[in-house]
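Me: I'm just starting to read protein models, and I'd like to look closely at one small part. Please guide me from that part out to its surroundings.

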Amino acid sequence: MASTYNAGEILAEQKVLGTFKYSPKPSIRGYTGEILRVDIGEPSFRIIPVTDKVKEVFTGGKGFDLWMMWQEVTSETKWDSPENSICIAAGPLGGTPSFSGSGKSIVTTISPTTGSVVDSNVGGHFGPLLKFSGFDCLVITGKSDKDVIVFIDGLSGTVQLIESPLLSVNSHLAADELANMYSDDEDDKRHISTVSAGSGADHAWIGCLNFSWWDWRRKTMRLKQAGRGGTGTVFRKKGLKALVVKAPHTRPVWTISQQDTFSAEGIQ
């Protein structure tokens with residue numbers, strides 16, 4: 001199934017609901033020292049500092065997502081409450097996105113299936129690219145009555161909440177659409193990662209989240225399914241279609257144009 005609209009048509013119908021400018025901080029010893037909080041209901045944007053005490057307690061950033069979620073919820077919070085946040089955190093190094101099995105992050109929320117906290121680890125490069133864009137963790141809270149995306153542009157230091165009525169809901173379409181919308185060329189797609197949930201999450205309490213990234217070997221966007229326990233259902237209940245991060249071009253681009261051959265002759 002192909003997308004109904006092309007990138008230009010989707011962009012033309014988008015409406016910016018809120019914009020936030022920031023100065024991306026570099027990662028020093030694995031930490032940028034900043035957490036991004038976005039309330040999609042107000043909308044509002046805020047940077048929360050990562051203190052030395054927090055680094056000491058949550059060694060390597062493990063638990064940043066859970067720690068931030070506890071700052072948002074109360075004993076009365078249900079899975080579909082506006083304050084039930086979706087928190088995504090990467091480890092201190094952010095992985096090496098060119099290789100499978102690295103680039104892990106953790107996503108945390110209150111599950112609709114259990115009513116308790118659920119967390120899932122996932123690849124898909126969103127966590128590392130988020131860190132390269134200046135943030136150790138992302139907190140999404142609130143609820144929108146529109147279909148919206150959150151776009152984090154680490155190149156320009158801009159975060160936007162955008163109404164996007166024509167963007168596909170299903171991840172295999174949305175990932176391609178977003179990569180085409182926000183990349184300058186095919187190589188630029190390597191610096192983009194998206195998070196989305198399919199339309200099934202609108203109808204079931206076990207909806208997953210899909211973390212997508214550009215596979216430069218296969219020349220296509222690929223999906224990593226995570227957010228088990230209904231994280232995708234929480235995502236769609238908030239009115240989110242996607243999270244998008246575009247990181248600065250800090251990763252090496254490797255191109256193999258020819259294979260060198262060597263012989264043992266002449267080697268001492």
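What follows is my request about one residue, and then a longer reply. Where is Asn84 found, which residues does Asn84 touch, and does Asn84 count as buried or exposed?

Reply: Happy to help! This is a predicted model, in which local features need pLDDT of at least 70 and side-chain atom pairs count only at pLDDT 80 or more, while totals for chains, interfaces and linings use all residues. Residues are numbered from 1 along each chain as its sequence is written, and side-chain values use heavy atoms, leaving out hydrogens and water.

Let's begin with the whole chain. The protein chain holds six helices and 13 strands; helices (H or I, at least four residues) and strands (E, at least two) are DSSP runs numbered from the N terminus. Of its 268 residues, 53% are buried, where buried means under 20% relative accessible area, exposed over 50%, and partly exposed in between, using a 1.4 Å probe and protein chains only.

Now to your residue. Asn84 sits in the loop between helix 3 (64-72) and strand 4 (86-90). Asn84 counts as buried because its relative accessibility is 0%. Its side chain reaches the backbone oxygen of Trp79 at 2.8 Å and makes a polar contact with the side chain of Thr109 at 3.1 Å. A polar contact is a pair of N or O atoms within 3.5 Å; within protein, one must be able to donate a hydrogen and the other to accept it, and residues adjacent in sequence count only if both atoms are side-chain atoms.

Leaving out residues up to four places away in sequence, Asn84 touches Val73, Thr77, Lys78, Trp79, Thr109, Ile110, Ile140, Val234 and Lys238. Contact here means heavy atoms within 4.5 Å.

One of those partners, Lys238, is worth a visit. Lys238 lies in the loop between helix 6 (231-237) and strand 13. Lys238 is buried, because its relative accessible area is 2%. Not counting residues up to four places away, Lys238 touches several residues, among them Ser81, Pro82, Asn84, Ser85 and Ile86. The C-alpha atoms of Lys238 and Asp80 are separated by 7.9 Å, although these residues are 158 residues apart along the chain.

Ile86 gives a related picture. Ile86 is found in strand 4, and at 2% relative accessibility this residue counts as buried. Its C-alpha atom is separated by 7.5 Å from that of Phe235, 149 residues apart along the chain. Beyond its neighbours within four places in sequence, Ile86 is in contact with residues including Thr109, Ile140, Val234 and Lys238. For the chain as a whole, residues 24 or more positions apart account for 69% of the contacts with a separation of 6 or more.

Next, the sheet. Strands of a sheet pair through backbone hydrogen bonds, either parallel or antiparallel. Here an open sheet of six strands has the order 3-2-7-4-5-6, with mixed pairing. Its edge strands, each pairing on one side only, are strand 3 (44-49) and strand 6 (117-122). Two strands pair if DSSP finds at least two bridges between them. Strand 4 pairs with strand 7 (residues 137-141) in the antiparallel sense over four bridges, and Ala89 stands opposite Cys137 in strand 7. Helix 3 packs on the sheet, and its direction makes about 25° with that of strand 5 (105-110); axes are lines fitted to C-alpha atoms, for helices over the stretch in contact, and angles run from 0 to 180 degrees between N-to-C directions.

Does a cysteine in strand 7 invite the question of how many disulfides there are? The count is zero, where a disulfide is a pair of cysteine sulfur atoms within 2.5 Å. For Cys137, the nearest cysteine sulfur, that of Cys87, is 5.5 Å away.

Finally, follow the chain on from Lys238 to strand 13 (residues 240-246). Seven of its seven residues are buried. Strand 13 runs parallel to strand 8 (residues 148-153), joined by six bridges, and antiparallel to strand 10 (residues 192-196), joined by four.
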